[in-house]
Amino acid sequence: MRIAVVIASEADAGTAGRLPAGDRAAVHWGIGLSRDGCCAHCPAADEMAAAYARAAGARIAAWDELRTLSWDLAVIGPGAIDRYGDRLAGELAESKEAELLFDVLHVEGGPRSWRVTCNAGCEARDLVTVSGPAVLVVSHRAPRAPYISRYRLTMASVEGVTCVGGEGDPSPPHIIWGPVTPRGPRAQQPAPVDAQTRGARVFGIGGSPEPVRERAVIVEEPQTAARLLLRYLAHRGFVSRTVADAAPLDVPQPLSAARPEVLPPVAAAIELLPVTTASGSGLWPAGLERSPRTAADSPARRGRRPRPVGDAVGARPRPRCENSALRRAPRRLDSPGAPAGRGPYRIAEHSSRDAGRVETLPATSPR
Amino acid sequence: MFGDEAITREIMGHVPRWLAVAFYVGAVVACGATAVVVGRRVWQCRLARRPSEVATAGTWHRIVRGLRYLAFHEQLRRDRFAGWAHLLMFYGFVILFAGTCLVFLEHDTPLHFYYGWFYQWASLVIDLGGVAFLIGLLMFLGRRASSGSQRILRGWRVTSLSALLLAIGVSGFLLEGARIAVDLPPHETYSVAGYGIALLLRAAGIGGETAVRWQQWLWGGHAAACVAFFGLVPWGVFRHMVFGLASATATGGKPLSRLPVAPLGPELAPGATTWRQFSRNDLLEADACTTCGRCNEACPAAAAGKPLQPRDVVLELRDSRGTWSAADPQPLAVSDEVLWSCTTCAACNQACPVGIDVYGKIVELRRGRVERGGVPEAAAAVFEHVADRWNPFGRPDIERMAWAQGINVRVADPDEPIELLYWVGCAGSFTPEGRAVAQAMVRILNRLGINYRVLGRSERCTGDPARRMGEEGLFRECATHNLRTLRAHHVQRLITHCPHCFNTFRNEYPDVDDSAAPWSVQHHSEFLAEQIAEGRLCAASMPGDAVTFHDPCYLGRGNSVFAEPRSILKRMDLPLVEMPRYGEHSFCCGAGGGSMWLDVRGAERIETKRYDEAAGTGAGIIATACPFCKTMLDAARQARDASSTQPLRVLDVAELVAAAEGC
């Protein structure tokens, strides 16, 4: 059984890089599952990932061989996914016509099949049995792998770990980052205002007594600006969401490299209706109407504020719930406290495209 | 030369020749066997893979220290009863041994000196030595029989060895009494104990030929016991007679909280799992163990009911090394719970009468576990936090200066020369208790008008938690980075309020790079005491509750800083009440050695035991000088005093000084 592990470290400012826990777990899963040894594929120049794999006991293979070598199981760490995107997993799965599973928390296997535990969200788990070629993308929440000491990492580096990169090394997605304006000192920042005023200022709407500063105005291509404006209007209930959603998502590339001129704000060009929770846009039932909180809201609504984040937020103990283990853990099949109508849960097997898939499904409550 | 030659005694008189020959043959065989076993153990020490730490003191200094150690038993007399008992036994044994050598020289060499006044005075001294030996032995046996202390090993081996010593002492006196009882020569009155026994024997009708037969039987029994003793020297508790002095002088002199250097290299991974991976000194020390159990008694983890018994770790190292076995060494049978219970407070090292570095061996075993990936998840998390976020708490580095909000702190510019660096440390930067101390220190420094700087976000963990938990490589990384930073700033003087950082800077960074410390390192209690003594801080009187001072292990026991924090408290006119265990006998708070993040469950919590001691003094304030101790004691206070109307306050000395200064 041949197992390929694909890992990559995430570069952090000021550090040499950091291998995510999921990538570490991927290496150890690969070593634990393979009998013929597993190959670790790392991007070129990612010496941290290569050193880790080598220190853990894996062989380092060239990145190109990921496509040429045959493997039965490919385990991809979240660091590699963060760097190259889901496309990497998809391409690998397509090239071998392999099963593709995301958010994998655990895998154990025999010689012919693997039993994979996937994160299904809300603390639920999918237990999937796969055989044949499969591509597993390790979850960020995978259990911690056995610790590899710095001495072993250093020795692995000293022994001449070099990442073999080739022409087929997939380059990361081409992202062009715009200029970043550093945040000014707090004293120079405007006094905090409510969300309604902030929104109005961004779009230059409303009778602001002070001149709207240029940097507060969205400067974008016409299509993008229009799309954002539509989203804002839909959010406030002035237009229906269907209209906003109809705006094209793919913004065409600018026709010219020159930045568009900053248009003067259209202050007070539109007469805005006062927004109240009672009378919404009429498109949605009153209970579903969403709008920013204002000072005029009811105390209950105003009370739903996020917790202030202060300097001592870490010192504040989180309230502990005695039943938190029950509530947050995966539901037990024989859980006596399961609410009526939602449980008890049972494991149901069903045939689907993924043969052998076992899912946790809510049983119909006996009445 | 020594007076009348008639004043002497016949050596081996009335002893059959065959018995004398048998004794000599037996003695030679027993001594030879002892030499072989001791030689084998010493040769095994040479197989130790790890080089021993270079002694901090010179050879002559160590010899003098060893002689002083033997002569005065200072280390032993910390337990007064046992110390005096051992002192009596030791001097009694030395005198008896010297007397035996005199007899041997007189009988088996051409030398002739054992007569006249020399004989009489020698007989007196040897008799008194024998009495001292027996009194000391009986003191030990009496305590062994009457004490219910868990630390005393009870078993047939220890009991039989004690019985053998008793047999040697008692048979020697009876033999002497029977010899004198034959004809009761008047010059033998100098043998006070023997003459008394002879009079008793005569009173019982034993004299003349009967006494001769008694003498022959007793001589045979005494000789057999002595031969057995010669042969048993390298076994059991007797072993410390050979290795104890060597252990006490080999590596002594280092600060108790300084961990031995772990040489790293391609062929030498840190840590140990078998005895061969320890150092020569480690093996020597294990052989020197007297099994007295003082380490168990002093250990806070053992006191709290955790599974650690430091003596068992040392004995496991000693016994895992079979004297004759040529098989590959097996890993030491020390469980994870035992290893991770240690708080590295060095109380065991402090208590050990033969200077065994017990917690150094525990850390060595931890290093072995780390190298094999067998560490608890919490420990792995700490290592990852130190490696990724440069602090063991796992807090984002951007929060490192959050403690400084609202106060005027002078943060160093890059590469700015620093005259006085205030090292805040991770506990000072991230824990609420530590932040309060850091704020108080900065206020005091501002009040003093000293040109100080803090490093701000350039600061990183010193690596102390990682090192104590066995991650030597990570410690080296942290040390290398911090040393580079300090050199870049040309730091002249460094103060810190964290005893762990203090110990690392003062005792351990020089091991990483011997040219590393052109700066002087001070703990903030030393700094504050110095400022108060020089009159720069007035430390006005603070009328208030009585205060008790908790000695942090790495400050007091580790670096012998006991007086300075107390001098601060006394200067503030705070009534100081000491806890039952203070100074070098202080009790750990339970945070050291990574126990801040790891928790092996015991019957009690260490910090709660310590807090109870503090509360028992009746003081209103627990003063300390360590943010970790403050955190732990404060947690114990919250647990204990949840319903109390007037709970104790836990404060750092810097906070008290800042309050007294009104800053």
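This report walks through selected features of a predicted model, from chain A as a whole to individual residues in chain B.

## Ground rules

Because this is a predicted model, local features need pLDDT of at least 70 and side-chain atom pairs count only at pLDDT 80 or more, while totals for chains, interfaces and linings use all residues. Residues are numbered from 1 along each chain as its sequence is written, chains are lettered from A and ligands numbered from 1 in the order in which they are written, and side-chain values use heavy atoms, with hydrogens and water left out.

## Chain A in outline

Let's begin with the overall figures. Chain A has 11 helices and 10 strands. Both are DSSP runs numbered from the N terminus: helices are H or I with at least four residues, strands are E with at least two. Of the 367 residues in chain A, 31% are buried. Here buried means under 20% relative accessible area, exposed means over 50%, and partly exposed lies in between (1.4 Å probe, protein chains only).

Chain A exposes about 23,600 Å², and carbon and sulfur atoms supply 55% of that area. Such areas come from the Shrake-Rupley method with a 1.4 Å probe; for residues, only the protein chains shown count as cover. Among chain A contacts with a separation of 6 or more, 62% join residues 24 or more positions apart. A contact means heavy atoms within 4.5 Å.

## Helix α26 of chain B

Now over to chain B, where helix α26 covers residues 627-640. Its 14 residues should span 20 Å at 1.5 Å a residue, and the end C-alpha atoms are 20 Å apart, which agrees. The expected span is 1.5 Å times one less than the number of residues.

This helix is largely enclosed by the rest of the structure, because 10 of its 14 residues are buried. Among them are B:P627, B:F628, B:M632 and B:L633, along with the charged-type names B:K630, B:D634 and B:R637.

## Cysteines without partners

A disulfide is a pair of cysteine sulfur atoms within 2.5 Å, and the count comes to 0 over all chains. B:C626 has its closest cysteine sulfur in B:C629, 3.8 Å away and too far for a bond. B:C629 is itself one of the buried residues of α26(B), and B:C626 is buried too, with a relative accessible area of 1%.

For B:C342, the closest cysteine sulfur is in B:C348, at 6.1 Å, again too far for a bond. B:C342 is buried, with a relative accessible area of 5%.

## Helix α4 of chain B

Two residues of this helix are worth a look. B:F140 is found in α4 (residues 116-146) and is partly exposed, at 25% relative accessible area. Not counting residues up to four places away in sequence, B:F140 touches B:A82, B:A85, B:H86 and B:M89. B:A82 is 58 residues from B:F140 in sequence, yet 7.2 Å away in space, C-alpha to C-alpha.

B:S123 lies in α4 as well, and is buried with a relative accessible area of 6%. With the same sequence neighbours left out, B:S123 touches B:Y190 and B:S191.

## A buried alanine

B:A438 sits in helix α18 (residues 432-448) of chain B and is buried, with a relative accessible area of 0%. Leaving aside neighbours within four places, its contacts are B:W403, B:Y422, B:V424, B:G428 and B:H497. By C-alpha atoms, B:A438 and B:D287 are separated by 46 Å, with their positions 151 residues apart along the chain.
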